[in-house]
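Hi,

Here is the structure I promised to pass on. Have a look at it first, and my notes are underneath.

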There are 2 protein chains.
Amino acid sequence: MEESDINLVCPVPISEYDCVVIAHGGGGRMSEQLISKMFFSQFGNEYLNKAHDGAIIPFPGKKLAFTTDSYVVSPVFFPGGNIGELAVNGTVNDLVCCGARPLYISLAFIIEEGFLMNDLWKIVLSISGAAKKAHVRIVTGDTKVVEKGKGDKIYINTSGVGEIFPGLMISPDRCRPGDIIILNGTIADHGISILSKRQNLSFESGIISDTASLSEMMGEVFENCKGIHVLRDPTRGGLASSLNEIATSSGVGITIYEDAIPMNEDVKGACELMGFDPLYVANEGKILIFAPEKEAGRIIDIMKRHREGKDSVIIGKVTDEDNGIVKLKTLVGSTRIVDMISGEQLPRIC
Amino acid sequence: MEESDINLVCPVPISEYDCVVIAHGGGGRMSEQLISKMFFSQFGNEYLNKAHDGAIIPFPGKKLAFTTDSYVVSPVFFPGGNIGELAVNGTVNDLVCCGARPLYISLAFIIEEGFLMNDLWKIVLSISGAAKKAHVRIVTGDTKVVEKGKGDKIYINTSGVGEIFPGLMISPDRCRPGDIIILNGTIADHGISILSKRQNLSFESGIISDTASLSEMMGEVFENCKGIHVLRDPTRGGLASSLNEIATSSGVGITIYEDAIPMNEDVKGACELMGFDPLYVANEGKILIFAPEKEAGRIIDIMKRHREGKDSVIIGKVTDEDNGIVKLKTLVGSTRIVDMISGEQLPRIC
């Protein structure tokens, strides 16, 4: 590093934050500022700047999708899954959101000294099962161990490589007015399952994480519907953050309908009880599809044939009004703006 | 995950270790056992099983290298570098060790709450500089923040993708008796620089990490010398661990000559003072090249033209005696076996 570089002024005003706070990792506005001002300013290039779930990169003669995510969820075991399958499914779904067929993943552990060998084994088995289900192969890995108190049980990074389906052109800036928005099922299940476990709440019928690979379902969609414009998995920050990101990237307005958004009754009750807006709660097996209206029927037909898509439904549309703004038509007929979250609603949800 | 899977018996005997200990991450025999018994038993496939620095995977019509590493080095800033450039150079060098031209890397941060924004900025600048020097583009990333006490300042995962140079066939099992072993310079600089910083030792002339990208130098080698059999960067566990791994993978004997191995005098002094065997101390800008003897001259000529290779030298040879064993001919003419380290000599060195 050159000395002159070191003296460049930090682009995040340190009068405001002289250190990193939890909200910088929350997937909201503060995350976005850290990433755009500090990271993109230095690393920016045509691929990274797309701010997609992964990068679509030219590989001599081919198009390749490449993505990475570190998983720091706490607790490590939660209703419906654990950090291992979450790490596989999450990265697989990011590749899917690039319009890719996931092929290979890497697997890197940072384990806290003292983590139970049997728990590690359970996670390993679950990773193995999830990789098989998603038809990806784990081809490279790394294991680091840190001292007690320098981690939290286990953190997992998975990166993934996939091949873009021929004929597809998916990008966060490709939304067009008139596009409809499809969602493949109930929202907020993952976030609430984590929270219920953390707080030792047990809801009568059990709320479980929706963690799942969307690779098989979306693979069939990709084979048959080439007109999709944008895909996004609404994880950290929930539906609201994903929709806001897309509205901004594409410079369009988005309207969604409260009565169309599927929700598990128990999850709804838990959100009300705990004071969470489900629109901001993380999902781990959901995907948002933005496509021209004429494609909607075919897409939904295919999705409904799969377990992960049986509740697929149109939840809104893209408009040319109020660009960059997401609006919700409520059950009682009023309209409210669904803003991007600033800080962190639920830390370490994934 | 299926219930039946959960009940499979943990393959690491928990009578011995019921939890993960630091040595499981040390790159020695205990690491190797954890990885082979627990991870490979479940994830194993023809690519992962090579236990290469990265995977060489077929990508329709092409051959692609894919690698991952998490960096947990402590301290984050050390003489000669910081965790940021280390994370870029380390992953770039792993791709190089697959015989690839590094093209793209991912970048995933796990930041501990409270980490100074200005320090993050210094790291970002150093990542950016290292990526430019190595001609790789950062195309995708992730940022997570964990609570104070659940991390240690900052952990960085980088994964990398590269294209295999046509005509090369590099694999840890391709060593043949008669191959010579080339090393590109002094050993143990990185490990000792970290240690001196940790212990607040200051050696007269300053020992600095050798962290560097080997991409440019090796690119030129790959263009001109297609006969290389094996490449390995001797990082965690040092020269001794890398040589042992290769001896085992290829089923050959290895003999190295103590008087041929370049060492900085200060590093040698520090090792003696602190009781470390430099053969086991980490390097971050070194590469071991196993090639037929007739190729040696040309390879070394090219390497010597580059700053990272100016001290390149033959340090040993591959034999057909005592397969799987690494021997050292000492300065006084005796021969000793250089075994694989079992535990962890220097935790969190990279």
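Below is what I found, going from the way the two chains relate down to a single serine.

Keep in mind that this is a predicted model.

First, the two chains. Turning chain B by 180 degrees, with 0.0 Å of shift along the axis, puts it on chain A with an RMSD of 0.0 Å. The two copies are thus related as by a two-fold rotation axis. If you want to find that axis on screen, go to Gly151(B): of the residues of chain B, its C-alpha comes closest to the axis, at 2.2 Å. Both copies use the same surface, as 100% of the contact residues of chain B recur in chain A.

Next, a pair of strands in chain B. Strand β5 (residues 100-112) and strand β6 (residues 137-146) run parallel and are joined by nine bridges. One spot to look at is Glu112(B), which sits opposite Val146(B) in β6(B). To get from β5(B) to β6(B), the chain passes through helix α4 (residues 117-134), and this β-α-β crossover is right-handed. β6(B) is mostly covered, with eight of its ten residues buried.

Then there is a sheet further along chain B. Seven strands make up this open, mixed sheet, in the order β9-β11-β8-β12-β10-β13-β14. β9 (230-232) and β14 (335-337) are its edge strands, each pairing on one side only. On average, neighbouring strands here are turned by 25 degrees against each other, direction ignored. Within the sheet, β8 (residues 180-183) and β12 (residues 313-319) of chain B are antiparallel partners with four bridges, and Ile180(B) has Lys317(B) as its bridge partner in β12(B). Helix α7 (residues 238-250) of chain B lies across β8, β9, β10, β11, β12 and β13. Its angle to β11(B) is about 30 degrees.

Last, the serine. Where does Ser312(B) sit? You'll find Ser312(B) in the loop between α9 (293-304) and β12 of chain B. Its relative accessible area is 4%, so Ser312(B) counts as buried, the cut-off being under 20%. The side chain of Ser312(B) reaches the backbone oxygen of Gly309(B) at 2.6 Å. Leaving out residues up to four places away in sequence, Ser312(B) touches Ile182(B), Leu183(B) and Asn184(B), and also Ile300(B), Met303(B) and Lys304(B).

Cheers

Note on methods:
Residues numbered from 1 in each chain as written. Chains lettered and ligands numbered in written order. Predicted model: local features only at pLDDT ≥ 70, side-chain atom pairs only at ≥ 80, totals over all residues. Heavy atoms only, no water. Buried < 20%, exposed > 50% of the residue type's maximum accessible area, 1.4 Å probe, protein only. Helix = DSSP H or I, 4+ residues; strand = E, 2+ residues; numbered from the N terminus. Pairing = 2+ DSSP bridges. Right-handed = clockwise from strand over helix to strand, strands pointing away. Axes fitted to C-alpha atoms, helices over the stretch in contact; angles between N-to-C directions. Contact = heavy atoms within 4.5 Å. Least-squares fit on C-alpha atoms with pLDDT ≥ 70 in both. Polar contact = N/O pair within 3.5 Å; in protein donor to acceptor, adjacent residues only side chain to side chain.
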